[in-house]
Amino acid sequence: MQILFLTTVLPAEIRNGGELWSQTIVDSLRRCGAQVMLLGYERPGSSPAPGETSVGVCSIETRAAPLRAAIWALRSIGRRAFTVQKWMGAGYREQLATLIADRDWDLVVIDHAQMGWTLPLLRDVPIVYLAHHAEQSLYVRLAASAGFAGRRVYRREARLVARVERAVLDAAVETWCISEHDADRLRAQARGIVRALPPLGREQADAPLSEPAGPQVALLGNWRWQPNRQALRWFLDRVQPLLPADWRIEIGGNVDPAGLPAPAQVRFCGAVEDGPGFLRRAERVAVPSLAAEGANLKLLDAIASGRPVVASASAIRLVGQVPADVAGADSAEAFAAALVRTPRPDRAARTRWMVARRVALDEIVAAALSDRKMPGNRVGDRAGRP
């Protein structure tokens with residue numbers, strides 16, 4: 001089966017949770033026998049992996065490209081969501097048109113609702129929508145927790161993202177979601193099948209762990225993303241003061257420390273080259289999350305690290321069942337207490353858990369690909385679908 005995978009950022013380097021989810025699905029498709037070609041932007045200093053085709057170099061984070069971001073914002077005024085305009089480009093459009101004209105694709109995956117702008121170029125190719133969030137719900141929730149100016153921005157984004165999300169859901173023969181929670185939200189809108197696929201963390205060698213050489217607690221994430229920043233503020237405001245005074249805490253990942261508490265025990269490490277290695281250096285890993293959409297993929301990386309893990313109840317709820325040694329906490333007091341008394345992880349049980357998730361994922365993907373091989377599943381045949 002020939003599959004064209006249309007994404008924002010080529011994901012093989014796995015710099016963040018979104019790229020981990022994208023690469024997880026690409027890997028599963030390939031394990032199920034599909035040939036997958038990815039089309040997307042590359043980061044400055046990166047190079048495409050085998051099977052990836054770059055449409056050009058792009059500074060992905062808005063803060064890293066303020067002039068480009070201003071142009072995106074101006075072009076999006078009154079017409080489309082900022083997060084859609086950000087990925088539109090003549091180079092992408094031209095390469096995609098050439099690929100569609102030159103080959104009969106069995107399936108096209110639209111990775112992120114924001115790539116819905118490519119729909120007019122896809123003609124009668126069957127489409128799978130790989131959802132990273134229930135997008136409209138995400139921005140509505142961000143608007144509810146933002147200040148006056150931010151509330152207006154997020155409300156506008158929610159309204160405009162909803163249009164493209166509905167268009168992709170209507171065009172897709174299938175929608176694949178990262179959690180049952182998101183799948184339930186999108187089933188009411190989708191014309192095709194909606195499946196929840198279990199996300200995976202980055203699998204690590206089952207070699208003996210060395211003694212931790214780093215801090216007592218490590219946190220890893222993209223803390224510039226507003227929901228993550230809110231969770232980090234909660235941890236620093238509410239949890240950290242309850243921990244032993246001599247504990248060192250290291251926070252890895254992109255972060256703007258302005259406005260965040262910065263006690264002497266806390267070190268902001270910035271972007272880290274080796275995320276799994278960063279977690280393995282610590283005595284324990286904390287995964288605070290206030291998210292109600294998507295799934296906390298950093299929790300999966302934390303579990304794979306082999307270190308004791310404490311996660312917020314919302315992070316665990318979105319991932320689903322987790323190994324018994326992963327502690328969950330609803331309150332700051334419970335979170336701090338769990339960090340202090342974290343039990344020794346059962347690495348064998350964690351490995352079995354990760355393998356079971358991978359097998360379950362591949363079974364769902366294989367079933368979906370089998371369904372797509374049946375006659376009558378072309379885009380042009382969907383008019384009569386319920």
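Let us start in the middle of a sheet: strand S11 (residues 284-287) and strand S12 (residues 309-312) run parallel and are joined by three bridges. Strands and helices here are DSSP runs numbered from the N terminus, with at least two residues (E) for a strand and at least four (H or I) for a helix. Two strands count as paired if DSSP finds at least two bridges between them. This is a predicted model, in which local features need pLDDT of at least 70 and side-chain atom pairs count only at pLDDT 80 or more, while totals for chains, interfaces and linings use all residues. Residues are numbered from 1 along each chain as its sequence is written, and side-chain values use heavy atoms, with hydrogens and water left out.

Staying with S11 and S12, you can find Val287 bridged to Ala311 in S12. On its other flank, S11 pairs with strand S8 (residues 217-220), again in the parallel sense, over two bridges. There, Ala218 has Val285 in S11 as its bridge partner. In a regular strand, side chains alternate between the two faces of the sheet. For S11, both faces are covered: Arg284 and Ala286 on one side, and Val285 and Val287 on the other, are all buried. Buried means under 20% relative accessible area, exposed means over 50%, and partly exposed lies in between, using a 1.4 Å probe and protein chains only.

Now step back to see the whole sheet. Six strands form an open sheet in the order S10-S9-S8-S11-S12-S13, with parallel pairing. Its edges are strand S10 (266-270) and strand S13 (327-329), each of which pairs on one side only. Ignoring direction, neighbouring strands here are turned by 25° against each other on average. Axes are lines fitted to C-alpha atoms, for helices over the stretch in contact, and angles run from 0 to 180 degrees between N-to-C directions. At the S13 edge, three bridges join S12 and S13 in the parallel sense, and Ser312 has Ala329 in S13 as its bridge partner.

There is a second sheet to explore. This open sheet has seven strands in the order S3-S2-S1-S4-S5-S6-S7, with parallel pairing. S3 and strand S7 (193-196) stand at the edges with a single partner strand each, so one side of each has no neighbour in the sheet. Neighbouring strands of this sheet are turned by 20° against each other on average, direction ignored. Within it, strand S5 (residues 127-130) and strand S6 (residues 174-177) run parallel and are joined by three bridges, with Leu130 opposite Trp176 in S6. Helix H7 (residues 180-187) lies across S6 and S7, running at about 165° to S7.

Just after S5, what surrounds Ala131? This residue sits in the loop between S5 and helix H5 (135-145), and it counts as buried at 1% relative accessibility. Leaving aside neighbours within four places in sequence, Ala131 is in contact (heavy atoms within 4.5 Å) with Trp21, Thr175, Trp176, Cys177, Ile178 and Leu186. Trp21 is 110 residues away along the chain, and the C-alpha atoms of the two are separated by 9.7 Å.

Next comes helix H4 (residues 90-102), whose 13 residues reach 18 Å from first C-alpha to last, close to the 18 Å expected at 1.5 Å a residue; the expected span is 1.5 Å times one less than the number of residues. Which residues of H4 are buried? They are Tyr92, Leu96, Leu99 and Ile100. These four cover an arc of only 95° around the axis, which puts them on the same side of H4; the arc is that of the directions from the helix axis to the C-beta atoms. On the other side, Glu94, Ala101 and Asp102 are exposed. The cover over the buried residues includes strand S1 (2-9), strand S2 (35-42), strand S3 (52-57) and strand S4 (107-111).

Tyr92 also leads us to the aromatic rings. Rings of Phe, Tyr and Trp (its six-membered ring) pair if their centres lie within 6.5 Å; planes under 30 degrees apart are stacked, over 60 edge-to-face, and the rest tilted. The count comes to five aromatic pairs. One of them is the tilted pair of Tyr41 and Trp87, at 5.9 Å centre to centre and 40° between the planes. Ring pairs link Tyr41, Trp87, Tyr92 and Trp117 into a cluster.
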